[in-house]
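The exercises below ask you to read a fold from its coordinates, one region at a time. Try each task with the structure open before turning to the worked solution.

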Amino acid sequence: MLAEVPARTKPWRRGQTGDNHAMTPPPNAAAHAPAALHRIGWRGELPPLPPGRLLARVAAQHRAGYEVHDGERTFNAQPAPRFLKRNLDPAERPAVGDFVAVEAGAPPHIVEVLPRRSVLRRAAAGERYARQIIATNIDLVLVLTGLDGDFNPARIERYLALIEGSGAHALVVLSKADQFDARHQRAALHELAARLPQGTPVHAIDARDAQSAAVLAPYLTPGITAALVGSSGAGKSTLTNTLLGEARMATGETRARDDRGRHTTTHRALLPLPGGACLIDTPGMRELKLTGDEALDLFADIDELAAQCRFADCAHGSEPGCAVRAALDAGELDPARWRQYRKLHDERDAQITRLEERLRGGRDPLRTHRHRDRFDRE
Ligand SMILES: Nc1nc2c(ncn2[C@@H]2O[C@H](COP(=O)(O)OP(=O)(O)OP(=O)(O)O)[C@@H](O)[C@H]2O)c(=O)[nH]1
Ligand SMILES: [Mg+2]
Ligand SMILES: [Zn+2]
């Protein structure tokens, strides 16, 4: 029987190492049977590890340490001291989804982060330019959006921009389908089909209902790791519980006034699903800033259009021969999509400038501007 991540693990207190002593993992060879490793999304052969070390996956991160899963059970582990060095790039620290080498001991230590096959990140909230890892080694990102007041195509585009370069595929899931009639649902699906890149799968479901959520089964096959992202209240933990077949994650009512959630989930958690996939539930994100790395390929068709403008440096204002203006006037380019194209390009370029400044050791050009937009509402 597989030990799973408990719904609300006890918050650790600093210096409370007693827990760790109690949870020292035996260097358990059985836990390294391929079947057990597949349960935590590991593919292929066991990597060569020195004796006394075992392969595990970071299932959760708390202020005072990590929870890792070895395919059979979860236990607490501390990062090796080198991960705590102040000048270390935070991206090199263990993150939820990472496969890690753990050295048995009291407490066990994460001594190595194995190469990542994908990384989903955003720019961290706040004034300083920093990147934050949302999850690693994921194959699929489920962008969950309520069909209620949460529905916002511009925010979905923003998610797609972040997912594009991560190495994972995107899947858009519209929750709360049970609360809206077929016409409303069709209108939402139609709007997204017109706005999102061709081939982006979109499904509308009742996240509370296993039968309804079963449309996701073909994506969540054994060995796949999926991360759930979306605003607070979208139903990420509700869907997690439905896919698990039991209520492991806490869920919270949304506010009646605007359908917003109350930030019930506060930590990312990786959970093996009964069907063989792994799912990462995440806290609702208030801000979803681009990192500066985005290629913004989701707007490739608009780039193509812009390439047809008469002037190479066309600003798509009142220049003669502007192909973008012509497409807007002809109703062939959605004005909302065009606005989001410009907004995300401007933001991406500003983030590149900030990153370059930071690498030069200079002042962060945006830092004094108190850049505190909230992207929850675009
Ligand atoms: N009717 C209906 N209610 C849903 C659905 N999905 C979620 N809910 C409700 O929406 C509320 C918020 O759900 P949560 O699962 O807590 O949302 P979350 O995305 O995990 O939110 P955070 O943890 O705050 O980020 C709960 O009251 C759920 O019961 C759905 O498809 N239909
Ligand atoms: Mg939640
Ligand atoms: Zn133009």
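**Exercise 1. Determine which elements the buried residues of helix 6 pack against, and how much of the helix is covered.**

Solution. The model is a predicted one, and helix 6 spans residues 236-244. Begin with burial, for which the cut-off is 20 or more other C-beta atoms within 10 Å. Helix 6 proves to be mostly covered, since nine of its nine residues are buried: K236, S237, T238, L239, T240, N241, T242, L243 and L244. Next, follow the contacts of these residues outwards, which lead to strand 8 (140-146), strand 9, helix 5 (210-213), strand 11 (225-229), strand 12 and strand 13. Finally, look just past the end of the helix, where G245 follows with a positive phi, near 85°.

**Exercise 2. Describe the shell around ligand 1: how many residues surround the ligand, and which are the closest?**

Solution. Counting the surrounding residues gives 26, with G235, T238, T251, T265 and G284 as the closest. Then assign the shell to elements of secondary structure: helix 6 gives the most, with three residues. The last step is to sort the shell by class, which yields three nonpolar, 16 polar and seven charged residues. T238, one of the closest residues to ligand 1, is also among the buried residues of helix 6.

**Exercise 3. Work out how strand 12 is covered and how strand 12 pairs with strand 13.**

Solution. Start from a general expectation: in a regular strand the side chains alternate between the two faces of the sheet. Applied to strand 12 (residues 269-272), this places A269 and L271 on one side and L270 and P272 on the other, and as all four are buried, both faces are covered. Now turn to the partner, strand 13 (residues 278-281), with which strand 12 pairs in the antiparallel sense over four bridges; P272, for instance, stands opposite C278. The two strands form a hairpin with five residues between them, and in the turn G276 has a positive phi of about 110°.

**Exercise 4. Trace the pairing from strand 2 through strand 3 to strand 5, giving the sense of each pairing.**

Solution. Strand 2 (residues 65-69) and strand 3 (residues 74-79) pair in the antiparallel sense over four bridges, and E67 stands opposite N76. This pair, too, is a hairpin, here with four residues between the strands and with G71 in the turn at a positive phi of about 100°. For the residue G65, which belongs to strand 2, compare sequence and space: G65 and Q78 lie 13 residues apart in sequence, yet 5.1 Å apart in space, C-alpha to C-alpha. G65 counts as buried because 22 other C-beta atoms lie within 10 Å. Continue across strand 3 to strand 5 (residues 109-113), where the pairing is parallel and runs over two bridges, with I110 as the bridge partner of P79.

**Exercise 5. Locate the cis peptide bond, and then decide whether K176 and D259 are buried or partly exposed.**

Solution. The cis bond joins A106 and P107, with omega at about 0°, and P107 sits in the loop between strand 4 (99-103) and strand 5. Next take K176, which has a positive phi of about 70° although it is not a glycine, and which lies in the loop between strand 9 (169-175) and helix 4 (182-195). K176 counts as buried because it has 24 C-beta neighbours inside 10 Å. D259, likewise not a glycine, has a positive phi of about 65° and is found in the loop between helix 6 and strand 12. With 18 other C-beta atoms within 10 Å, D259 is therefore partly exposed.

**Exercise 6. Identify which residues touch the most other members of the largest nonpolar core, and set that core within the chain.**

Solution. The largest nonpolar core holds 81 residues, of which L120, V141, V143 and A227 touch the most other members. Taking V143 and leaving out residues up to four places away in sequence, one finds contacts with I156, Y159, A170, V172, V173, V229 and G230. Then widen the view to the chain, which contains nine helices and 13 strands and in which buried residues make up 38% of the 378 residues. Among contacts between residues at least 6 apart in sequence, 69% join residues at least 24 apart.

Technical notes
Residues are numbered from 1 along each chain as its sequence is written. Chains are lettered from A and ligands numbered from 1 in the order in which they are written. This is a predicted model: local features need pLDDT of at least 70, side-chain atom pairs count only at pLDDT 80 or more; totals for chains, interfaces and linings use all residues. A nonpolar core is a set of buried Ala, Val, Leu, Ile, Met, Phe, Trp, Tyr and Cys residues joined through C-beta atoms within 7 Å. A residue is buried if 20 or more other C-beta atoms lie within 10 Å of its own, exposed if 12 or fewer, and partly exposed in between; C-beta atoms are placed from the backbone. Two residues are in contact if their C-beta atoms, placed from the backbone, lie within 7 Å. A residue is near a molecule or strand if its C-beta atom, placed from the backbone, lies within 6 Å of it. Ala, Val, Leu, Ile, Met, Phe, Trp, Tyr, Cys and Pro count as nonpolar, Asp, Glu, Lys and Arg as charged, and the others, Gly among them, as polar. Two strands pair if DSSP finds at least two bridges between them.
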